[in-house]
Amino acid sequence: MHLDPDVSNAVKILVVGHFGVGKTTCIGSLSEIEPLRTEEEITEASEGFDDLSGTPHKTTTTVAMDFGRLTLSDTLVLYLFGTPGQERFKEMWEELSRGALGALVLVDPERLNESFPVLDLVESFGLTYAIGVNHFEGNTDYPLDEVREALNLTSDTPVVNCDVRDENSSAQALITLVRHLMSLLG
């Protein structure tokens, strides 16, 4: 895909990550429209499926997708699609990945092992991605090179810190992805 600077370009971007990493919050902090959310209360039916140990205060979960829109310029509009984080919803990822130009992969450095299935899915769909290391209050700030090494990422994969609750921080992570995509598109 080539972005034409003289016409309006609509680009589909996925915001992905494991369960409870902040995808819904990220889209909510970025979207210029009221985001579409398909969140439902976590019930006893999720017992044995959803590990809440890393997110003990989480009461809702995305069951289909989140959707938001962000206009970056007169010629570039991003359509943001957030995926559910649970493995049982991976069929939804396949549908959502169609036509996507890239993905912002959110990770929690305290739960990096939960990121590997997400990275496998993103790579299996052939999506270019950047990593947003979401900051959770009270957690350790890890050096980005350590996160890169722990996730076994190539040196050209962008890795940035972010706090998805903060619009500017989320925007910087998303801009990192967009710049990476544009550098690859020429």
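The following paragraphs lead through the fold, its central strands, one helix contact and a group of aromatic rings.

The structure is a predicted model. The protein contains five helices and seven strands, and along the sequence these elements follow the pattern β-α-β-β-β-α-β-α-β-α-β-α. Of the 186 residues in the protein, buried residues make up 49%. Among contacts with a separation of 6 or more, 73% are accounted for by residues 24 or more positions apart.

Strand 1, residues 9-17, is a convenient place to begin. This strand is mostly covered, with eight of its nine residues buried. Which strands pair with strand 1? One partner is strand 4, residues 76-82, which runs parallel to strand 1 and is joined to it by seven bridges. Within this pairing, I13 stands opposite L80 of strand 4. Another partner is strand 5, residues 100-107, which pairs with strand 1 in the parallel sense over six bridges. Here K12 has A100 of strand 5 as its bridge partner, and I13 has G102 of strand 5 as its bridge partner. I13 thus has a counterpart in strand 4, namely L80, as well as one in strand 5, namely G102.

Strand 5 extends the account to strand 6. Eight of the eight residues of strand 5 are buried, so this strand is largely enclosed by the rest of the structure. Besides its pairing with strand 1, strand 5 pairs with strand 6, residues 128-134, in the parallel sense over six bridges. In this pairing A103 stands opposite Y129 of strand 6.

G102, a residue of strand 5, deserves separate attention. Is G102 buried or exposed? Its relative accessibility is 0%, and G102 therefore counts as buried. When neighbours within four places in sequence are left aside, the contacts of G102 are K12, I13, L14, L127, T128, L177 and L181. Of these, K12, I13 and L14 belong to strand 1, given its span of residues 9-17, while T128 belongs to strand 6, which covers residues 128-134. L177 and L181 fall within helix 5, residues 167-185. A further relation to that part of the chain is given by V178: G102 and V178 are 76 residues apart in sequence, and their C-alpha atoms are 8.3 Å apart in space.

After strand 1 the chain passes through a loop to helix 1, and H18 is found in that loop. At 2% relative accessibility, H18 counts as buried, because the cut-off for that class is under 20%. H18 also has a relation to a distant point of the sequence: H18 and V105 are 87 residues apart along the chain and 8.9 Å apart in space, C-alpha to C-alpha.

Helix 1, residues 23-30, is mostly covered, with six of its eight residues buried. The buried residues of helix 1 are K23, T24, C26, I27, S29 and L30. How does helix 1 pack with helix 5? The two helices pack at an angle of about 100°, and their axes are 9 Å apart. Helix 1 and helix 5 are therefore roughly perpendicular to each other, since angles of 65 to 115 degrees count as such. On the side of helix 1, the contact involves C26, S29 and L30, which meet E167, S170, A171 and L174 of helix 5. The residues of this contact divide into four nonpolar, two polar and one charged. C26, S29 and L30 are also among the buried residues of helix 1.

Aromatic rings supply a further set of relations. The structure holds two aromatic pairs. In the pair of F67 and Y79, the ring centres are 6.0 Å apart and the planes lie at 10°, so the pair is stacked. This pair links distant parts of the chain, with F67 in strand 3, residues 60-73, and Y79 in strand 4, twelve residues apart. Ring pairs also bring in F81, linking F67, Y79 and F81 into a cluster. Y79 has a relative accessibility of 30% and therefore counts as partly exposed.

Strand 4 thus takes part in the parallel pairing with strand 1, and its residue Y79 takes part in the stacked pair with F67.

Note on methods
Residues are numbered from 1 along each chain as its sequence is written. This is a predicted model: local features need pLDDT of at least 70, side-chain atom pairs count only at pLDDT 80 or more; totals for chains, interfaces and linings use all residues. Side-chain values use heavy atoms; hydrogens and water are left out. Axes are lines fitted to C-alpha atoms, for helices over the stretch in contact, and angles run from 0 to 180 degrees between N-to-C directions. Helices (H or I, at least four residues) and strands (E, at least two) are DSSP runs, numbered from the N terminus. Angles under 35 degrees count as roughly parallel, over 145 as roughly antiparallel, 65 to 115 as roughly perpendicular and the rest as oblique. Contact means heavy atoms within 4.5 Å. Ala, Val, Leu, Ile, Met, Phe, Trp, Tyr, Cys and Pro count as nonpolar, Asp, Glu, Lys and Arg as charged, and the others, Gly among them, as polar. Buried means under 20% relative accessible area, exposed over 50%, partly exposed in between (1.4 Å probe, protein chains only). Two strands pair if DSSP finds at least two bridges between them. Rings of Phe, Tyr and Trp (its six-membered ring) pair if their centres lie within 6.5 Å; planes under 30 degrees apart count as stacked, over 60 as edge-to-face and the rest as tilted.
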